[in-house]
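Biologist: I should like to learn how to read the features of a structure that is new to me. May we go through it together, one feature at a time?

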Amino acid sequence: MITVDYIRTLYAYTDWANTRMLSAVDRVPPDRRHRDMGSSFPSMHDTLVHMVSSEWIWMARWTGTSPAGMEDADSPTDLDAVRSRWEALAARRTVFVGELTDDDLQRPLAYRNSRNEAFEQPLWELMCHTANHASYHRGQVTTMIRQLDGEPVSTDMIAYFRSDAYQR
């Protein structure tokens, strides 16, 4: 059974990893961040916007709203805007996660996806999916940083567990 302690650790890790990833992206020249890399989303910037928008839409679903789609993909035009959006979202999510109970994680949550299809799943499944989705795309960003001759950082969960940021 997934516990609230696990979810809190998972999202502390997710925030740590996202912050590290953004610091590595910050060292990539701005014009390169928008270069079409032929990935799931054309550029590193587009991937970052997708990531933060996905975390936003899932947070909205967890709290009872089913947005019809992602936030405007063009709204955060630079890394500072993406980072600012992420920091605000992470702060809201930290409060949300801090108030959860083990019973909350088991409750079925009804929501609609962007195609207006109805679903109902336990909250813990949606939260685990969202964290896993972020890990997947951080891997893509790492690859793009390498392809652009940048220096990625490790965002492996084991690196988090070994870091000073991890609170046992």
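**A buried polar residue**

Modeller: Let us begin with a pair of side chains: those of Asn-18 and Arg-138 are joined by a polar contact of 2.8 Å. Please keep in mind throughout that this is a predicted model.

Biologist: Where is Asn-18 placed, and is Asn-18 buried or exposed?

Modeller: Asn-18 lies in helix H1. Its relative accessible area is 2%, and because values under 20% count as buried, Asn-18 is buried.

Biologist: Which residues does Asn-18 touch, apart from those up to four places away in sequence?

Modeller: Asn-18 touches Met-51, Glu-55, Trp-86 and Arg-138. Of these, Arg-138 is also the partner in the polar contact with Asn-18.

Biologist: How does one describe two helices that pack together?

Modeller: Two quantities serve for packed helices: the angle between the axes and the distance between them. For helix H1 (residues 4-26) and H4, the angle is about 170° and the axes are 11 Å apart. An angle over 145 degrees counts as roughly antiparallel, and H1 and H4 are therefore roughly antiparallel to each other.

Biologist: Which residues make the contact of H1 with H4?

Modeller: On the H1 side they include Ile-7, Tyr-11, Asn-18 and Leu-22. On the H4 side they include Leu-79, Arg-83, Trp-86 and Ala-90. By class, the residues of this contact divide into 10 nonpolar, 5 polar and 6 charged.

Biologist: What are the angle and the axis distance for H3 and H6?

Modeller: Helix H3 (residues 44-62) packs against helix H6 (residues 123-147) at an angle of about 175°, and their axes are 10 Å apart. That angle makes H3 roughly antiparallel to H6. The residues of the contact comprise 12 nonpolar, 8 polar and 2 charged.

Biologist: In which helix is His-133 found, and what does His-133 contact beyond its neighbours within four places in sequence?

Modeller: His-133 belongs to helix H6. It is in contact with His-50 and Ser-54. With a relative accessible area of 19%, His-133 is buried, because the cut-off for buried is under 20%.

Biologist: Let us turn to H4. Where is Val-82 found, and is Val-82 buried or exposed?

Modeller: Val-82 is part of helix H4 (residues 79-99). Its relative accessible area is 0%, so Val-82 is buried. Not counting residues up to four places away in sequence, Val-82 touches His-45, Leu-48, Val-49 and Pro-76.

Biologist: How far apart are Tyr-6 and Asp-102 in sequence and in space?

Modeller: Tyr-6 and Asp-102 are 96 residues apart in sequence, and their C-alpha atoms are 9.9 Å apart in space. Tyr-6 is placed in helix H1 and, at 37% relative accessibility, counts as partly exposed. A second pair may be read in this way: Val-82 and Val-28 are 54 residues apart in sequence and 15 Å apart in space, C-alpha to C-alpha.

Biologist: How should I read the side chains of a strand?

Modeller: In a regular strand, side chains alternate between the two faces of the sheet. In S1, the covered face holds Leu-109 and Tyr-111, whereas the uncovered face holds Pro-108, Ala-110 and Arg-112.

Biologist: In which sense do S1 and S2 pair, and over how many bridges?

Modeller: Strand S1 (residues 108-112) pairs with strand S2 (residues 118-122) in the antiparallel sense, over 5 bridges. Tyr-111 stands opposite Phe-119 in S2, and Arg-112 has Ala-118 in S2 as its bridge partner. The two strands, S1 and S2, form a hairpin with 5 residues between them.

Biologist: What is notable about the phi of Asn-116?

Modeller: As a general matter, most residues other than glycine have a negative phi. Asn-116 has a positive phi of about 65° although it is not a glycine. Asn-116 is placed in the loop between S1 and S2, and at 52% relative accessibility it counts as exposed.

Biologist: Where is Asp-149 found, and what is the sign of its phi?

Modeller: Asp-149 is found in the loop between H6 and helix H7 (157-162). Its phi is positive, about 65°, although Asp-149 is not a glycine. At 69% relative accessibility, Asp-149 counts as exposed.

Key
Residues numbered from 1 in each chain as written. Predicted model: local features only at pLDDT ≥ 70, side-chain atom pairs only at ≥ 80, totals over all residues. Heavy atoms only, no water. Axes fitted to C-alpha atoms, helices over the stretch in contact; angles between N-to-C directions. Helix = DSSP H or I, 4+ residues; strand = E, 2+ residues; numbered from the N terminus. Parallel < 35°, antiparallel > 145°, perpendicular 65-115°, else oblique. Nonpolar A, V, L, I, M, F, W, Y, C, P; charged D, E, K, R; others polar. Buried < 20%, exposed > 50% of the residue type's maximum accessible area, 1.4 Å probe, protein only. Contact = heavy atoms within 4.5 Å. Pairing = 2+ DSSP bridges. Polar contact = N/O pair within 3.5 Å; in protein donor to acceptor, adjacent residues only side chain to side chain.
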